[in-house]
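Reader: Hi! I have a new model open and would love a quick tour. Can we start with the packing and then look at the backbone?

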Amino acid sequence: MSTVVQPCARCGARWAVQKTPMYWCPRCRGVLLSPASIDAPAERRNYRWVARRPDQRVRHAVPPAPQDKPAATPRYHATPRWGLQDPPPQQQPAPRRPLDRFVGWLGTLLVWTAAMFGVAAVAELLRYGVLLRNRTRLIHPAVLFFSDALVFVAGVLALVLALLTAVAAVGWLIETRRVAYAHAGRLDPRRARWLIAGCVVPVVNLLLPGVFLTELVADRPDPRALRAVRVWWAAWVFGGLLTVAALYWRTADSLQAKADGVMFTAFADLVAAGVTVLTLWVIRTVEGRDLRGRDRIARRWLNAVDPMVPVIEPVHPSGRDHRRAEEQGARESGSDNGAIEHPATGADAVDHAHEEVMAK
């Protein structure tokens, strides 16, 4: 009986089958073929041997890598500057708000509003003068037309400028509060719409603007801004009440009451001009500037005191001068007692003459 073997498909070694067939070659860990007799003919085997040359191994065809065409050498028509500049980082622009376009004109609007209220007050005074003149003489129609036109135009322009100034002031208040609270690391507790409502709604706008400004400057170490806000607040309330009284006075029926209403309106216009100037003063003070818009320079006042150590050292007499002073005192006391004074001779006389020259 022939031996049953399992040939290795990798190394060709034949391994005798002992009990059960094996799967892997003990030598090269290749796959073992199915068991068969060692002398079995080829037609009875379940495999066949194929002889190949060592250089005829099956290889996977690998497509050749595409070769890039050589690129041209880069050339520059001018000296490249892409590595020689280091521009600073650009800051992100702040978001634009609807009232920002009016905030930049706030100072100019305040000046023009104060001037127009002054013109309106002058127009009212001229009308009152026309009324006084009309008590005894007739007034030319052209003078009446000029007076009425001046009062109307000045009043309308003052009202329009006051509205534009109010819009700009509200925008300034919102932006200034936002910047102040952001500098302190917080958010403004009052929303923009509440600030606008507190500054626009009648009657309420007499009180809340002062509250908003007081919250803005209450924590500042410099008390000047808080004092300016309080002065402006009192003037603002007084001007508002005076405006309401002037509007109510126009409902009078008698001629004397209407004439007095002209003077009262002129006074109200002057107060409005003053309140406008105070508003400009408060805004400049909150911003740390003076009324003309210049930066305020801090001044420190110190008490002038004498130095602890004298600058000029006092003169101390030497030993010889001290002895001479004692002798002079003794001679003076001796002359007072009737003693004879001996004249100075030698070195003492020279020193005494030198002292007299120095004294002169």
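Reader: Which residues touch the most other members of the largest nonpolar core?

Author: Happy to help, and bear in mind that this is a predicted model. The largest nonpolar core has 36 residues, and those touching the most other members are L106, W172, L173, L213, V217, V282 and V286.

Reader: Nice. Which elements give two or more residues to this core?

Author: Those are the helices α2 (106–133), α3 (141–183), α4 (192–200), α5 (208–217), α6 (224–249) and α7 (255–286).

Reader: And which one gives the most?

Author: That would be α7, which supplies 10 residues to the core.

Reader: Let's zoom in on W172. What is W172 in contact with, leaving aside neighbours within four places in sequence?

Author: With those neighbours set aside, W172 contacts V103, L106, L213, I283, V286 and E287. Among these partners, L106, L213 and V286 are also on the list of core residues that touch the most other members.

Reader: Great, now the backbone. What is phi of R29 near?

Author: It is near 60 degrees, and that is a positive value in a residue other than glycine. R29 sits in the loop between β2 (14–16) and β3 (36–37).

Reader: Is R29 buried or exposed?

Author: R29 is exposed, as its relative accessible area is 54%.

Reader: Cool. What about V203: where is V203 found?

Author: You'll find V203 in the loop between α4 and α5. V203 also has a positive phi, near 70 degrees, without being a glycine.

Reader: And is V203 buried or exposed?

Author: V203 counts as exposed, because its relative accessibility is 64%.

Definitions and conventions: Residues are numbered from 1 along each chain as its sequence is written. This is a predicted model: local features need pLDDT of at least 70, side-chain atom pairs count only at pLDDT 80 or more; totals for chains, interfaces and linings use all residues. Side-chain values use heavy atoms; hydrogens and water are left out. A nonpolar core is a set of buried Ala, Val, Leu, Ile, Met, Phe, Trp, Tyr and Cys residues joined through side-chain atoms within 4.5 Å. Buried means under 20% relative accessible area, exposed over 50%, partly exposed in between (1.4 Å probe, protein chains only). Helices (H or I, at least four residues) and strands (E, at least two) are DSSP runs, numbered from the N terminus. Contact means heavy atoms within 4.5 Å.
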